[in-house]
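Let's take a friendly walk through a protein and the small molecule it holds. Have the picture ready and follow along.

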Amino acid sequence: MGTVISIVSGKGGVGKTTLCANLAFALALEGRSVIALDGDLGLRNLDILLGLESKAPFDLIDVLEDRCPVSKAIAVHDTLPNLHMIPGSEDYTASVDKRAMRRLCRWLADHYEYVLIDAPAGVGEGFRNAVFSAQRCIVVSTPDLTSVRDAGRTASIITGMCSIPTELVINKVRKQMMKKGYMRNVDQVMDSVSLPLLGLVPHDDEVVISANRGGILPQEKSHTAAAFKNIAARLEGEDIPLAAFWRK
Ligand SMILES: Nc1ncnc2c1ncn2[C@@H]1O[C@H](COP(=O)(O)OP(=O)(O)OP(=O)(O)O)[C@@H](O)[C@H]1O
Ligand SMILES: [Mg+2]
């Protein structure tokens, strides 16, 4: 039986889709069977980050509304056959049946070790459906004050909805700016959000470049790729200390 993990944030643009794609890739590299779902219905982009644009003839809404079997909405990664994705719909504005979504996720968890849901920004219906379907949540925040405040609010909404393990990933970390006190440091972010830390991801232009190329971050000699791998290892229960990169 696999685990359904929703990746949420509150504030938009903090890196949910980036984390979902790179975490799915890192887990699949370790041999895990992974399926990533684009829960950002109407504004999908997980398919681009995984290099799987237009690779599935149907989408999540088609599955939820019984227009096709699940298999028709699954795209398989080019180099990692154990990494699958179900795209979001391009133009969906109606409501999703949250129980159908949860049923689908639990069914997928019988077939995959990890089911990752890339949630939309905000704390509206899409976010709530993602939390309702999840067995674990990752809240993504940048060190920016606005993002930190939204992440704290998001964390308390999750706690009010259910009691599932919820952890924090701080993305777009600029070590030097933190050291100079120009942005919140890691302890300050953790105190404000009140969640245990699952990982730190550096601010890295390579993330933007690879996203614009339509694919995963190159793995070689990348602190950022290593950060995603460490997050994957911690999800697997490994006790991975913060990398030397962060301690210097
Ligand atoms: N660690 C990083 N370093 C630099 N840029 C990053 C990093 N993570 C994400 N980005 C960039 O930030 C932008 C937003 O990222 P992404 O789409 O993953 O955020 P999101 O939270 O999913 O956004 P939305 O709320 O709109 O769904 C993208 O241009 C992405 O390439
Ligand atoms: Mg997104």
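This report looks at the surroundings of ligand 1 and then at one helix.

Keep in mind that this is a predicted model.

**Where the ligand sits**

Start with the pocket: ligand 1 takes up the space of the largest one. Elements that each give two or more residues to the shell around ligand 1 are α1 (16-29), β7 (166-173), β8 (197-202) and α9. The largest share comes from α1, with 3 residues.

In total, 17 residues surround ligand 1, and the closest are Lys-16, Thr-17, Thr-18, Asn-171 and Asp-204. Sorted by character, the shell has 6 nonpolar, 7 polar and 4 charged residues.

**Polar contacts to the ligand**

The table lists three places where an oxygen atom of ligand 1 meets an atom of the protein.

| Residue | Part of the residue | Distance to an oxygen atom of ligand 1 |
|---|---|---|
| Gly-13 | backbone N or O atom | 3.0 Å |
| Thr-17 | polar side-chain atom | 2.8 Å |
| Thr-18 | side-chain N or O atom | 2.6 Å |

How much of ligand 1 does the protein bury? Taken alone, ligand 1 exposes 630 Å², and the protein buries 80% of that.

**The two ends of α9**

Asp-204, one of the closest residues to ligand 1, also has a part to play at a helix start. There, a side-chain oxygen of Asp-204 comes within 2.8 Å of the backbone nitrogen of Glu-206, at the beginning of α9 (residues 205-213). Just after α9 comes Gly-214, with a positive phi of about 80 degrees.

Terms used
Residues numbered from 1 in each chain as written. Chains lettered and ligands numbered in written order. Predicted model: local features only at pLDDT ≥ 70, side-chain atom pairs only at ≥ 80, totals over all residues. Heavy atoms only, no water. Polar contact = N/O pair within 3.5 Å; in protein donor to acceptor, adjacent residues only side chain to side chain. Helix = DSSP H or I, 4+ residues; strand = E, 2+ residues; numbered from the N terminus. Near = heavy atom within 4 Å. Areas by Shrake-Rupley, 256 points an atom, 1.4 Å probe, with all protein chains shown as cover. 1 Å grid on protein atoms, 1.4 Å probe; cavity = no way out; pocket = protein on both sides within 12 Å on 5 of 7 lines; lining within 4 Å. Sits in = over half its atoms within 2 Å of the grid points. Nonpolar A, V, L, I, M, F, W, Y, C, P; charged D, E, K, R; others polar.
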